[in-house]
Amino acid sequence: MGTSRISGPQAQAAKPARTQPGEAILRLYPEILRGLPLGVVVLHLENPQDVKSFRIIDLNPAAAHITGSTLESLRGRSLAEFPKLLKTPFLGRCLDALHAREPRDLGEISYGTS
């Protein structure tokens, strides 16, 4: 069995067939997020000085179930719309981690009646 090599336009066309590990994970992201048993919320901070400006850009069904809401009703909302959550230290810890630019264990939060 011999080895064949290609070059020129054929080689360039062949490169996209191989994906980088990050690209493969990115394609699996929706499936991974959906399947997690723990509630996960992906936030975007619109104003780095204001924790109320965190906006929900994605979440999984488990997070929606925990809050008693639907995915559609939570996506796009800012955390300013959740006054009980604003009273917890959680958002301040998120902001601290963001400013420190390092991973941190932000602990656990519970939402709803308890």
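In this predicted model, Asp58 sits in strand S2. The residue is buried, at 16% relative accessible area, and yet its carboxylate is far from idle in terms of contacts. Its side chain makes a polar contact of 2.8 Å with the side chain of Tyr29, and a salt bridge links Asp58 to Arg75, with 3.4 Å between the closest N and O atoms. Arg75 belongs to the loop between helix H4 (71-74) and helix H5 (83-86), while Asp58 is part of strand S2, so this pair ties together parts that are 17 residues apart in sequence. The two partners differ in exposure: Arg75 is partly exposed at 37%, whereas Asp58 counts as buried because its 16% falls under the 20% cut-off. Leaving aside residues up to four places away in sequence, Asp58 touches Tyr29, Leu33, Val40, Val41, Val42 and Arg75.

Zooming out, the protein is built from six helices and two strands, which come in the order α-α-β-β-α-α-α-α along the sequence. Of its 114 residues, 19% count as buried. As for how the chain folds back on itself, take the contacts between residues at least 6 apart in sequence: 37% of these join residues at least 24 apart. About 8800 Å² of the protein is exposed, and carbon and sulfur atoms supply 57% of that area.

Next comes the nonpolar interior. The largest nonpolar core has 14 residues, and the members touching the most others are Phe54, Ile56, Leu59, Leu74, Leu79, Phe82 and Leu91. At least two core residues come from each of strand S2 (54-59), helix H3 (61-67) and helix H6 (90-100). Helix H6 gives the most, with four residues. Phe54 is a handy residue for looking around this region. With residues up to four places away in sequence not counted, its contacts are Leu43, His44, Leu45, Arg77, Ser78, Leu79, Leu91, Cys94 and Leu95. Two of the names on that list, Leu79 and Leu91, also appear among the core members that touch the most others.

Back to the charged side chains: the structure holds three salt bridges, one of them being the Arg75 and Asp58 pair already described. Another brings together the side chains of Glu46 and Arg55, at 2.7 Å from N to O. Both ends of this bridge are partly exposed, with Glu46 at 43% relative accessibility and Arg55 at 26%. Glu81 and Arg77 also meet through their side chains in a salt bridge, here at 3.0 Å from N to O. Glu81 is partly exposed at 40%, and Arg77 is partly exposed as well, at 25%. Arg77 is also one of the residues that Phe54 touches, which places a salt-bridge partner in contact with a member of the nonpolar core.

Not every nonpolar side chain is tucked away. Ile25, Leu28, Ile32 and Leu36 make up a nonpolar patch on the surface, and together they have about 350 Å² of accessible area. Leu28, one of the four, is found in helix H2 (residues 21-35). Leu28 counts as partly exposed because its relative accessibility, 42%, falls between the 20% and 50% cut-offs.

Note on methods. Residues numbered from 1 in each chain as written. Predicted model: local features only at pLDDT ≥ 70, side-chain atom pairs only at ≥ 80, totals over all residues. Heavy atoms only, no water. Core = buried A, V, L, I, M, F, W, Y, C linked by side-chain atoms within 4.5 Å. Buried < 20%, exposed > 50% of the residue type's maximum accessible area, 1.4 Å probe, protein only. Contact = heavy atoms within 4.5 Å. Polar contact = N/O pair within 3.5 Å; in protein donor to acceptor, adjacent residues only side chain to side chain. Patch = residues over 30% accessible without salt bridge, like charges linked within 9 Å, V, L, I, M, F, W, Y side chains within 5 Å. Areas by Shrake-Rupley, 256 points an atom, 1.4 Å probe, with all protein chains shown as cover. Salt bridge = Lys/Arg side-chain N within 4 Å of Asp/Glu carboxyl O.
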